[in-house]
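Please open the structure in your viewer and keep the selection panel at hand. The tour starts with the whole chain and then moves from one selection to the next.

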Amino acid sequence: MRDDLINTLKPSEDIDWDNHPAKSVLLTVWTIVKWTTLGVLVAAGFTLWFIFSIVFAALGEEEYKG
C-alpha cells in the first residue's frame, strides 16, 4: 500500500507539460496567487508603517509638550 501511495504522488513522466491543455490554466492560477500574495504582503507592510508612524508621531508630540 505504501508503494502505491508513493507512486501516485510521483509526477507522471508520461505527461507532456509543454503541450498539456491545463498548462495555461495552471500558469494563470499561479500568477493570480502570486500577485495576490504579493499585494497582501505590500498592503500589510504599508498598514504597519502607517500605524507605527502615527504611534511615533504621537510619542514625538508628547516629548515636545513636556
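Begin with the complete protein chain in a cartoon view, where there are two helices and zero strands. Keep in mind throughout that this is a predicted model. Now switch to a surface view: the accessible surface of the protein chain comes to about 6400 Å², and 69% of that area belongs to carbon and sulfur atoms. If you colour the chain by burial, 0% of its 66 residues count as buried.

Next, select helix α2, which covers residues 23-65, and show the side chains of F52 and F56. Both phenylalanines lie in this helix, four residues apart, which is about one turn of the helix. How many aromatic pairs does a search of the whole structure find? It finds one. The ring centres of F52 and F56 are 6.4 Å apart and the ring planes meet at 25°, so the pair is stacked, given that planes under 30 degrees apart count as stacked.

Stay with these two residues and compare their accessibility with the cut-offs, by which exposed means over 50% relative accessible area and buried means under 20%. F52 has a relative accessible area of 47% and is therefore partly exposed, whereas F56, at 55%, counts as exposed.

Now widen the selection to L48, I51, F52, V55, F56 and L59, and display their surface: together these residues make a nonpolar surface patch of about 580 Å². Both members of the stacked pair, F52 and F56, thus appear in this patch. For another member of the patch, centre the view on L59, which also has its place in helix α2; with a relative accessibility of 40%, L59 counts as partly exposed.

For the last stop, select S53 together with F50. S53 lies in helix α2 and, at 29% relative accessibility, counts as partly exposed. Which backbone atom lies 2.7 Å from a polar atom of the S53 side chain? It is the backbone oxygen of F50, and drawing a distance between these two atoms in the viewer completes the tour.

Methods:
Residues numbered from 1 in each chain as written. Predicted model: local features only at pLDDT ≥ 70, side-chain atom pairs only at ≥ 80, totals over all residues. Heavy atoms only, no water. Phe/Tyr/Trp six-rings, centres within 6.5 Å; stacked < 30°, edge-to-face > 60°. Buried < 20%, exposed > 50% of the residue type's maximum accessible area, 1.4 Å probe, protein only. Polar contact = N/O pair within 3.5 Å; in protein donor to acceptor, adjacent residues only side chain to side chain. Areas by Shrake-Rupley, 256 points an atom, 1.4 Å probe, with all protein chains shown as cover. Patch = residues over 30% accessible without salt bridge, like charges linked within 9 Å, V, L, I, M, F, W, Y side chains within 5 Å. Salt bridge = Lys/Arg side-chain N within 4 Å of Asp/Glu carboxyl O.
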